[in-house]
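Subject: Handover of a structure and the findings from it

Dear colleague,

Please find below the structure that I am passing on to you. My findings follow it, arranged by region so that you can read them alongside the model.

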Amino acid sequence: MSGTLTIQQAGHSVVTDLGRFKGPRYGLPVNGALDQFSARAANILAGNPDNDPLLEVTALDFRMRADSDLLIAVTGAPLTLTVGGRECPQWEPVSVLAGETVALHGMNTGLRVYVAVHGALDAPTLLGSCAPDTVVGFGLKLAEGTVLGARKTVPPIRQPYFDLPLFRLGLTRPGTSASPVIDVTDGPDIAEFGDTADLLFNTSYTVSGRSNHIGLRLGGALPERQSAAEVLSRGVPVGAIEVPSRDELLVLHRGRGVTAGYPVLGVVTSRSLDVLAQARPGHTIRFRKTTVAEATARHRAAMRELEALRTSVNTVFGLLGVGAPASWRELMPASGT
Amino acid sequence: MTAATPIEVHESGDAALRVVATSPDRERNWAAVHALATWLETADVDGVHGAVPTYDSVLVEFDPYVTSARQIRAFVLLGMRQLDYVGTPARTPRQFDVPVVYGGEYGPDLQKVADHEGLSVAAIIALHTAKSYVIRCLGAPAGSPMMDGPDFPLPVPRLKDPRLSVPAGAVSVAGRQAVIAPASAPGGWCVIGQTPLTVLNPDKQPLVPYMPGDLLRFHEIPAAEFQHFAGLELEASA
C-alpha cells in the first residue's frame, strides 16, 4: 500500500538521491545529496536501497505531515526532531502515525539533514536520477502543501518498554565541528602553483556565505598560480580546489559545472566532501594533505560501516516484519517490462 | 595500426583520473580522448560512472568503493592500446546552422571584444560567421557546445566580474574558444550575440541535439527577426 505526506513548511528542501552519475558525460553536473554518507545512512535506516529518493533539508526549519503511517529515518546535521510533538532520535528508524507532524528545527551546527521514508518517495527522473539540476531547471519544487507519494506505508511499530529506544544499531555518527579538518590529495595542476601551494595547508580558511551546492568559497591566504597561460577547458572532479580570483578559494561540490578552465590545485577526498557539506558560513576550515590510497581506504571503511548497518537493519526489520528486503525488491520493476 | 597516442594519467582525487593526450597533433589528441571516452562507455566497467572528454583530456569518474584509481589507470592504458590497434571509429558529422543577433542587448560585450582585437564590430561578426566550427566537447553549463574560437588576432580575456546570469542562447567567446549557452547560468565569457533557437530540451534524450564532432556555423540575423525563431529548436540541417 502506498502513502502520502504533505509538506507544511518547506524551508530549503529538495527531493534528491545520490546523484546523476550519467550526467557529466552530457555536460550536466552529478548533483545529488551533498553529504553522501548521511544520505546513504538515512535510506539504509529506513530499509531502502542507498540511492532511493529522499529529502535533503538545508539550514532552515522543516515540517511535514504524514497522511498515512510511515517509517522514517533522519540523519545528517544534529537538530531537534519531533514526531507528533514527541522528541525523537536521529540516526534511527522512527515510526510516524497518520496525521502526525514531523518537525525539524534548530539546525545550528551542521547544514544539511536527510529524511528517508521507508519505501522511498516518488519523484520524476532525468538520466536516471531525481536530483534537482538548477541550471537545466529539473527537479521537484517543494512548497507548503506539496503532496509527496511514499511507495509504502508501515503500521506503527509498538515500543513495548517505556523510555527504551526502539533500536540500537551502533552506527558511529559523523561529528560536526565548527572547525573541521578536510583531507586533500594533490591536484593534477599543483605544480602550477609553485611554492605557494603549501599555503593551502598552513592557512585557516573561513567559509563564505556565498557558498552553495556548486561550491564552497573560502577566504584566507591564497596560493597563486605562477603562469598566466590560457588553460583549455577540462573536466574537473567534484572536490576540485581552484583559485579563480584574488579573493577566494573555490572548492567545487556536486553541483559543479563539469568543465572549467582553471588549474586544479588539490582535490578534497570523498569522505571530506561529506564534512564540507555540513560546513556553515563562518566555520573555519583547515586542509590536511593525504594520498589517494589513504583516501580510498577511508572511503571504503565508511562504506563497510554502512554495509554492517544495512545487515543489522535488515535483521531487525525482518524480525519486526517490516520491509524485509524481499518486499521492497518487489517494488522494482521487473526487467524487460 | 598506428603508433600509440602518448598519454599521461594524473590523479584527480580518490574518485577521478585525468587522462591527457600529449602528442604534438591537437586533432589527434582530441580524437584520442573522445575515442577513449566512448570506449570506456561501451566497456561499461563496474564502478566507472563515466568519462568527460574535452580538448586534449578526459576525466574518468569512478566509485572508489567498487574500483580504484590504480585499476582504472590500468584499464585506461589497456583501452588506449586497443584503440591504437583498431583505430578511431569515424562518424559522419552533422551540420547545425545557428541564427544569431549580434551586439546591443543581445551581445553586450561585442564592442569590448572589437576594441580588444583592434577590429571593427563588422569585422568581428564577419570572422565569427566565416567558418564552420567543430564541436569539441559538451561543457558546463548544461551540455554547452564548446568550439575552437573564430580566427581573432588575440585571445579574448574573460570578464573581470562574471555575470550572475547569462540568458539561454547567449553566444560567447573567451580565450580561443566559442560557445552557446543552452541554459541560463552565470558566465564569465564575453557575450557577443544571442540565438533565438532553443538549444536544450530537458524532455528530450539527449538533452542537446549535437555531439562532439558535429559542425556548427553561425549566421547573422537582424534583431527584428529574433521573434520569428522564438520557440524553434536547434536541429541538424544536414
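Helices and strands here are DSSP runs, numbered from the N terminus, a helix having at least four residues and a strand at least two. With that in mind, B:Pro206 can be placed in the loop between strand E12 (190–194) and strand E13 (215–220) of chain B. Please note that the model is a predicted one.

**Unusual backbone geometry**

In general, most residues other than glycine have a negative phi, and most peptide bonds are trans. Several places in this model depart from that pattern. The bond between B:Gln205 and B:Pro206 is a cis peptide bond, with omega about 0 degrees. Another cis bond runs from B:Ala140 to B:Pro141, where omega is near -10 degrees. B:Pro141 belongs to the loop between strand E6 (133–139) and strand E7 (144–148) of chain B.

That loop between E6 and E7 of chain B also holds B:Ala142. Although B:Ala142 is not a glycine, its phi is positive, about 55 degrees. Is B:Ala142 buried or exposed? Its relative accessibility is 2%, so B:Ala142 counts as buried.

In chain A, A:Trp91 has a positive phi near 60 degrees and is likewise a residue other than glycine. A:Trp91 lies in the loop between E7 and E8 of chain A. With a relative accessibility of 6%, A:Trp91 counts as buried.

**Helix H1 of chain A**

Why can helix H1 (residues 36–45) of chain A be described as largely enclosed by the rest of the structure? Ten of its ten residues are buried, and therefore the description applies. Among these buried residues are A:Phe37, A:Arg40, A:Asn43 and A:Leu45. The elements that cover them include strand E3 (54–58), strand E5 (70–76), helix H3 (270–277) and helix H4 (292–320) of chain A.

At the start of H1(A), the backbone nitrogen of A:Phe37 has a side-chain oxygen of A:Asp35 within 3.3 Å. The ring of A:Phe37 also has a charged partner: the charged end of A:Arg271 sits over it, 4.8 Å from its centre. After H1(A) comes A:Gly47, with a positive phi near 80 degrees.

A comparable arrangement of charge and ring is found in chain B, where B:Arg136 lies over the face of B:Trp30 at 4.6 Å from the ring centre.

**The barrel of chain A**

In what order do the strands of the barrel in chain A follow one another? Seven strands close into this barrel in the order E12-E19-E16-E17-E14-E13-E20, with mixed pairing. From one strand to the next, the twist averages 40 degrees. H3(A) packs on the sheet and touches E12, E14, E17, E19 and E20 of chain A, its direction making about 140 degrees with that of E12(A).

Within the barrel, strand E14 (residues 215–219) and strand E17 (residues 249–252) of chain A run antiparallel and are joined by four bridges. A:Leu216 is found opposite A:Val251 in E17(A).

**Other strands of chain A**

Strand E6 (residues 80–83) of chain A pairs with strand E9 (residues 101–105) in the antiparallel sense over four bridges, and A:Leu81 stands opposite A:Leu104 in E9(A). E6(A) is also joined by three bridges to strand E7 (residues 86–88) of chain A, again antiparallel. The hairpin of E6(A) and E7(A) has two residues between the strands, and there A:Gly84 takes a positive phi near 60 degrees.

In strand E1 (residues 3–9) of chain A you will find A:Thr6. A:Thr6 counts as buried because its relative accessibility is 9%. Its side chain makes a polar contact of 2.6 Å with the side chain of A:Asp67.

**The open sheet of chain B**

Four strands of chain B form an open sheet in the order E1-E2-E4-E3, and the pairing is antiparallel. Strand E1 (7–11) and strand E3 (48–53) of chain B stand at the edges with a single partner strand each, so one side of each is left without a neighbour in the sheet. The twist averages 20 degrees from one strand to the next. E3(B) pairs with strand E4 (residues 57–62) over five antiparallel bridges, and B:Gly50 has B:Glu61 in E4(B) as its bridge partner.

Yours sincerely

Terms used:
Residues numbered from 1 in each chain as written. Chains lettered and ligands numbered in written order. Predicted model: local features only at pLDDT ≥ 70, side-chain atom pairs only at ≥ 80, totals over all residues. Heavy atoms only, no water. Lys NZ or Arg CZ within 6 Å of the ring centre and 35° of its normal. Buried < 20%, exposed > 50% of the residue type's maximum accessible area, 1.4 Å probe, protein only. Contact = heavy atoms within 4.5 Å. Polar contact = N/O pair within 3.5 Å; in protein donor to acceptor, adjacent residues only side chain to side chain. Pairing = 2+ DSSP bridges. Axes fitted to C-alpha atoms, helices over the stretch in contact; angles between N-to-C directions.
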